[in-house]
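Trainee: Could you take me through one part of this model up close? I would like a connected account rather than a list.

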Amino acid sequence: MAALDRLPLPSQLGLLAALGSGALLGGALYFQYVMGLAPCEMCHWQRWPHIVAIAAGLLAAASFAWPRLALVFALTAITALIVTSALGVFHAGVEYHWWQGPQACAGNIPRGLSTEQLKKYLFGAKMVRCDETVWSLWGLSMAGWNALLSATLAFVLATGVAGWVRTRK
């Protein structure tokens with residue numbers, strides 16, 4: 001812990017972003033590879049911002065000698081967390097049928113296709129649907145949990161950044 005205390009706050013926040021996003025991404029991979037729950041297309045969309053947050057967080061931690069650069073990386077990680085949270089809200093809304101999701105992952109067949117077009121469409125269709133909840137805890141799907149936890153982490157990090165910026169003035 002003493003080594004962490006020597007890091008400037010933006011580097012500490014970057015490390016927290018990397019660990020938090022790493023835990024959320026690790027949880028998704030656990031559900032995929034250990035629990036056997038195949039991800040849909042929208043699940044994959046939510047993973048990319050976590051990868052960005054992990055990379056930006058690690059770069060913030062590595063930029064301890066340049067606190068302003070570390071701050072830029074920490075803000076990048078916060079932005080990525082906000083993006084994955086928004087994607088999680090959108091995906092949860094699709095799962096709960098509050099709104100339509102993308103055609104490619106809702107499992108709907110377009111109308112007016114010829115026999116050959118329908119055959120081609122069906123053979124190329126993805127089997128994992130985005131509009132079905134495959135796991136939930138306390139009524140909240142994985143996408144919902146991703147949205148909630150990512151937003152919470154982004155809020156905590158943003159609060160830390162705001163406090164650091166105030167003390168620097």
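Mentor: Happily; here is a close look at helix α2 and its surroundings. This is a predicted model, where local features need pLDDT of at least 70, side-chain atom pairs count only at pLDDT 80 or more, and totals for chains, interfaces and linings use all residues. Residues are numbered from 1 along each chain as its sequence is written, and side-chain values use heavy atoms, with hydrogens and water left out.

Helices here are DSSP runs of H or I with at least four residues, numbered from the N terminus. With 25 residues, α2 reaches 35 Å from its first C-alpha to its last, close to the expected 36 Å; that expectation is 1.5 Å times one less than the number of residues.

Buried means under 20% relative accessible area, exposed over 50%, and partly exposed in between, using a 1.4 Å probe and protein chains only. Among the buried residues of α2 are L13, G14, A17, A18, S21 and L25, and their cover includes α3, α4 and α7.

S21 makes a good stopping point. This α2 residue counts as buried because its relative accessibility is 0%. Leaving aside neighbours within four places in sequence, S21 is in contact (heavy atoms within 4.5 Å) with H50, A53, I54, L81 and L153. S21 and I51 lie 30 residues apart in sequence, yet their C-alpha atoms are 7.5 Å apart.

A17 is also worth finding: with the same sequence neighbours left aside, A77 is in contact with A17, A53, A56 and G57.

L29, also in α2, is partly exposed, because its relative accessible area is 34%.

Technical notes. Helix = DSSP H or I, 4+ residues; strand = E, 2+ residues; numbered from the N terminus.
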